[in-house]
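Biologist: Please take me closely through the aromatic rings of this structure and the packing around them. I am new to it, so a slow and connected account would help.

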Amino acid sequence: MKLQNHLLIAMPNMGDDYFQRSVIYLCEHSDKGTMGLVLNQPTDLSIAELVAKLHFMMSSDRTFPDKCVLAGGPVNGEHGFILHTPTDLPFQHSFKITDRIILTTSADIIDTFGTPHAPEKYLVALGCAAWTPNQL
């Protein structure tokens, strides 16, 4: 059974400190393994603060959302993962999950934030959750 585009919800009695009470959106589930993003663990960093850190000392007249960046999982915590609706622009590293959901891991998408080219809906996560083949 393919679990891609499904939610993985932790059982109430799960004792794992990181995944306890987690809701994970599964972006990929194949014979190579599984990858997903934790959707309910916000960080103390906003998207606006993240953009400011990425574009250190650069002035901008754009307005960025004040939504929180999520702690997407314990793997690759220094890498960004953006789940978003389709746009009219291609990005360097995007993976189509469904016709309505795309995962982008390249920073070029961040340059669209605050412009008419930005995805209509998106969330930003640092890190991801991953499992080896047949682990889930």
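Modeller: This predicted model holds three aromatic pairs, a pair being two rings of Phe, Tyr or Trp (its six-membered ring) whose centres lie within 6.5 Å, called stacked with planes under 30 degrees apart, edge-to-face over 60 and tilted for the rest. Tyr 18 and Phe 19 make one of these pairs, in an edge-to-face arrangement with 5.3 Å between the centres and 75 degrees between the planes. Tyr 18 is partly exposed, because its relative accessible area is 26%, whereas Phe 19, at 16%, is buried; buried stands for under 20% relative accessible area, exposed for over 50% and partly exposed for what lies in between, with a 1.4 Å probe and protein chains only. Another pair, Phe 113 with Tyr 122, is stacked, its centres 4.1 Å apart and its planes at 15 degrees, and here both residues are buried. Ring pairs also draw Trp 131 together with Tyr 18 and Phe 19 into a cluster.

Before going further, note that residue numbers start from 1 along each chain as its sequence is written, and that side-chain values rest on heavy atoms, with hydrogens and water left out. Because the model is predicted, local features need pLDDT of at least 70 and side-chain atom pairs count only at pLDDT 80 or more, while totals for chains, interfaces and linings use all residues.

Tyr 122 is a good place to continue, for the charged end of Lys 67 sits over its ring, 4.8 Å from the centre; this asks that NZ of Lys or CZ of Arg be within 6 Å of the ring centre and within 35 degrees of the ring normal. The partner of Tyr 122 in the stacked pair, Phe 113, leads into the largest nonpolar core, where Phe 113, Ile 47 and Val 124 touch the most other members among 13 residues. Two elements, α1 (47–54) and β9 (122–131), each supply at least two residues of this core, and α1 gives the largest share, with three residues. Such a core is a set of buried Ala, Val, Leu, Ile, Met, Phe, Trp, Tyr and Cys residues joined through side-chain atoms within 4.5 Å; the helices (H or I, at least four residues) and strands (E, at least two) are DSSP runs numbered from the N terminus.

What does Ile 47 touch, not counting residues up to four places away in sequence? Taking contact as heavy atoms within 4.5 Å, Ile 47 touches Pro 65, Lys 67, Val 69, Phe 113, Tyr 122 and Val 124. Pro 65, found in the loop between α1 and β5, in turn touches Ile 47, Ala 48 and Tyr 122, with residues up to four places away again not counted.

Within α1 itself, Ile 47, Leu 50 and Val 51 are buried. They cover an arc of only 100 degrees around the axis, so they lie on the same side of α1, the arc being that of the directions from the helix axis to the C-beta atoms. An α-helix has 3.6 residues a turn, so residues three or four places apart point the same way. The buried residues of α1 pack against β4 (42–46), β5 (68–71) and β9.

Tyr 122 also meets a residue from another strand, His 84, which is found in β6 (residues 75–84). His 84 counts as buried because its relative accessibility is 4%, and, leaving aside neighbours within four places in sequence, the residues in contact with His 84 include Phe 91, Ile 109, Pro 119, Lys 121 and Tyr 122. The side chain of His 84 is joined to that of Thr 104 by a polar contact of 2.6 Å, meaning a pair of N or O atoms within 3.5 Å, of which, within protein, one must be able to donate a hydrogen and the other to accept it, while residues adjacent in sequence count only if both atoms are side-chain atoms.

Further along β9 is Ala 130, which is partly exposed because its relative accessible area is 43%. Leaving aside neighbours within four places in sequence, Ala 130 is in contact with Thr 34, Met 35 and Val 75, and its C-alpha atom is 11 Å from that of Lys 32, although the two residues are 98 apart in sequence.
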